[in-house]
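Reader: Got a minute? I'd like to go through this one with you.
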Amino acid sequence: MHTAPMPLPVVRTEGSRIFLADGRVLIDGIASWWTACHGYNHPHIRAAVAEQLEAMPHVMFGGLGHEPAYRLATRLAGLMPDGLERVFFTDSGSVAVEVAMKIAVQARLNRGERGRTKFLAFRGGYHGDTLGTMAVCDPEEGMHALFAGLLPEQVIAPLPRDDASRAEFDAVLERHAPGLAGIIVEPLVQGAGGMVFHDATVLRHLRDAADRYGLTLIFDEIFTGFGRTGAMFAHRTAGVAPDIVTLSKALTGGTSPLAATIAHRDLFDAFRSDDPAKALMHGPTFMANPLGCAAANASLDLFETEDRLGQAGRIEARLRAGLEPCRSMPGVVDVRVMGAIGVVQLDAIENPAALRARLVERGVWIRPFRDIVYLTPALTIADDELDALIGAIGAVLARAAA
């Protein structure tokens, strides 16, 4: 059995700071897996959740409904490309992706189309840890390789980044298209695959390919959504409209579990029927949880009233300037920045836990993984806090190279 390092006991959070039980305070460089986009304990979100807690902490979303969910669905649809107007709430990103896959397949089944039940996904991709989502992750990614033979067999291709990968992608797609329901991709950034970036031309190629073969194009914006890449959503930067978008993580500002799958009206029309067998049979117990919806509505308020995207731009500029000197260090393969994402890629990290411990010694919370040290801070992080994170990375990497 693998023994992980003991977790650090946390007693409270505030802004971009984590307070430990032993009295130490860490500057958080990854915003709790980039969920806390407004920082921790934002007073507006806290007040909205407290008010909702007094009125109604939860009610089942089956045969019953409530205003926080309806309001949130309307607001999210208003942020999407034209036609993406049907919102299905769940309680985690993995489940949001599962629902997206179900919608893509069942829409065809409801229309009498059989045999197109697989998905094309990408090397380096990550979409969750449930069985269905593991099947559309990179098959060599982490623990997922252990489940070969159990997972549904999907089609994995390279992202069409250049002439060679486009040719390979096109060939794979042509070969498998008769059995495919859709294509799923993380737009602009493959997160858990190593914070690997690609540009809008990749997404335009996928859109063209999906249209050519009649496939549903799913953008998994669970990582990239809500300002992380510098725009509200990555599809806006790319100028490419998918058929389904999945959201979670920063949806509630990191306050409560909640996820959403947003589908185009044409897909929804396939479910309009008096036949119960054509309904989307997926009902998580805590779907559209009122506390989560209240937090998400408050988070959207902050995007409307405070300049979060401007803050992401300022973070981007500071990351570019601060991390660039790492490029000349021994063992550094690349330095890359997009929006509020900063990455230093190494040729290898032999002991990520030891590297993390050295960063903690410098008063920062950063979790290296694979071959990267990365930052995804709160969009509200103060300049001095961001500088401390950047400085810690530089100092620790320089010490490791000495």
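Reader: How much space lies in the second largest pocket?
Author: About 550 Å³. A pocket here is an open set of points on a 1 Å grid over the protein atoms alone, where a 1.4 Å probe fits, with protein on both sides within 12 Å along at least five of seven lines. This is a predicted model: local features need pLDDT of at least 70, side-chain atom pairs count only at pLDDT 80 or more, and totals for chains, interfaces and linings use all residues. Residues are numbered from 1 along each chain as its sequence is written, and side-chain values use heavy atoms, without hydrogens and water.
Reader: Which residues are closest to the pocket's centre?
Author: Arg86, Val87, Phe88, Phe89 and Phe268, out of 19 that line the pocket. Lining residues have an atom within 4 Å of a point.
Reader: And which elements give two or more residues to that lining?
Author: α3 (67-78) and β4 (84-90).
Reader: Where does β4 sit in the sheet?
Author: β4 is an edge strand, as is β6 (155-157); each pairs on one side only. Two strands pair if DSSP finds at least two bridges between them. The open sheet has 7 strands, in the order β4-β12-β11-β10-β7-β5-β6, with mixed pairing.
Reader: How do β5 and β6 run, parallel or antiparallel?
Author: Parallel, joined by 3 bridges. Phenylalanine 122 has alanine 157 in β6 as its bridge partner.
Reader: New topic. Is arginine 308 buried or exposed?
Author: Buried, at 2% relative accessible area; the cut-off for buried is under 20%, with a 1.4 Å probe and protein chains only.
Reader: What does its side chain touch?
Author: The side chain of arginine 308 makes a polar contact of 2.9 Å with that of glutamine 311. Such a contact is a pair of N or O atoms within 3.5 Å, where one must be able to donate a hydrogen and the other to accept it.

Notes: Grid points are joined across faces, edges and corners, and a volume is the space filled by probe spheres set on the points. Helices (H or I, at least four residues) and strands (E, at least two) are DSSP runs, numbered from the N terminus. Buried means under 20% relative accessible area, exposed over 50%, partly exposed in between (1.4 Å probe, protein chains only).
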